[in-house]
Amino acid sequence: MGKALEGVRILDFTHVQSGPTCTQLLAWFGADVIKVERPGVGDITRTQLRDLPDVDSLYFTMLNSNKRSITLDTKKPEGKEVLSELIKQCDVLVENFAPGALDRMGFSWEYIQELNPKMIVASIKGFGPGPYAECKVYENVAQCAGGSASTTGFDDGPPLVTGSQIGDSGTGLHLALGIVAALYQRTSSGRGQKVSAAMQDGVLNLCRVKLRDQQRLEHGPLKEYPQYPHGEFGEAVPRAGNASGGGQPGWSLKCKGWETDPNAYIYFICQAPVWANICKVIGKEDWITDPDYATPDARLPRLKEVFDTIEEWTMTKDKFEAMKILNDYDIPCGPILSMKEIAEEKSLRDTGTVVEVDHPKRGKYLTVGNPIKLSDSHVDVGPSPLLGEHTDDILRSVLKFDEQRVAQIKASGALGDPKKAAAE
């Protein structure tokens, strides 16, 4: 079987994280992704957070695998000419520039449609239309504006951002879905269209349960939050610490070794149907029938005591021992895994969720693989491209330029330093 997106060609004008997340996912599904980069510079993340001198950073390599790179100076007439020809040969243009950047380059939506009426133009911006549309947005700004930070952390502390890149990578995933939907619609309409995803919108979509709780708050206290029944609720959804946020109370509990290992914890959920099993495991069988603990409503005002008692048991086991025992009783739980443990987890290697890749300059490194598995579209995660690695190939095989035309474009400097290009 071929790849799911085989035959689709993506013109990748993205940089940093949100856009590259999107285009890398499309590349994993088989699309030919052509990454357009500035000569001599490239994506800014090539040099950000470097751990090895003169080698593309892990920041870049882990967001740009399976792509091809062409260097192009679009300020030069010859560069604009090459870009125009690429637009004619591609199905989708993806960008995460500042608002209006494509227009200033001379490639408005109207002009792109003249070049290729079937072209899909997909964009990531920080905010959608409104008072903040022109604002510059980074990951943590998106988390704050999208509702995540105000609802993350403990009630007696400041708002917190999460370590998950829900603003950047989360929005990239949303945009990829929009692109695939637009490609599908094009099969019947024959037309291209604009696809947009705002980072604020993407974060809010991932925080929808908190918008749910904001409306529930108007009708009384949120009983599954740790503030109930002893704390006070204000006008907005509060921070809930490690509470599960659903109908089944949960909390992070210490395990053996917590004094020296910051990740010696397990997340434990007091699911009502297995309450009797929980009581048996922790040696509190009298709670099964005790009216103060026998029902979920009776336990709500006593949850701190309940979790403190369960923690006395979990502290006698390491997190993996605890997980095995609890799973034997169908009690929902999960170990707090460190990044070191995840990197070393064999099952994640076996499924291709964590992949070892061989880079021509870096050597072997670990990266994430495709989190979405298709039975008929196997993903082979390859290395990220070197800057401009595929420039000649794209000019010849995609645009069908002859040797004379390639030489003229090189001499113009539109691909980078003409002297360096001639030496190569």
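**View A. Leucine L26 and the residues it touches.** In this predicted model, L26 is in contact with L5, I10, A31, A176, I179 and V180, leaving aside residues up to four places away in sequence.

**View B. Two separate nonpolar cores.** Step back from L26 and you will find that the largest nonpolar core holds 35 residues. Which of them touch the most other members? They are I10, L26, V94, L175 and I179. Two or more residues of this core come from each of helix 1 (18–28), strand 4, strand 5, helix 7 (168–189), strand 6, helix 8 and strand 10 (354–359). A second core, separate from this one, has 28 residues, including I70, L395, A414 and L415.

**View C. An open sheet of six strands.** Follow the strands across the sheet and you will read the order 3-2-1-4-5-6, with parallel pairing. Strand 3 (68–71) and strand 6 (194–198) stand at the edges; each has a single partner strand, so one side of each is left without a neighbour in the sheet. On average, neighbouring strands here are turned by 20° against each other, direction ignored.

**View D. Strand 2 beside strand 3.** Here strand 2 (residues 32–37) pairs with strand 3 in the parallel sense, over four bridges. Look for K35, which stands opposite S69 of strand 3.

**View E. Two helices lying across the strands.** Helix 3 (residues 77–89) lies across strand 1 (9–13), strand 2, strand 3 and strand 4 (92–95). How does helix 3 run relative to strand 1? The angle is about 140°. Helix 8 (residues 199–206), in turn, lies across strand 5 (120–125) and strand 6, and runs at about 65° to strand 6.

Key:
Residues are numbered from 1 along each chain as its sequence is written. This is a predicted model: local features need pLDDT of at least 70, side-chain atom pairs count only at pLDDT 80 or more; totals for chains, interfaces and linings use all residues. Side-chain values use heavy atoms; hydrogens and water are left out. Two strands pair if DSSP finds at least two bridges between them. Axes are lines fitted to C-alpha atoms, for helices over the stretch in contact, and angles run from 0 to 180 degrees between N-to-C directions. Contact means heavy atoms within 4.5 Å. A nonpolar core is a set of buried Ala, Val, Leu, Ile, Met, Phe, Trp, Tyr and Cys residues joined through side-chain atoms within 4.5 Å. Buried means under 20% relative accessible area, exposed over 50%, partly exposed in between (1.4 Å probe, protein chains only).
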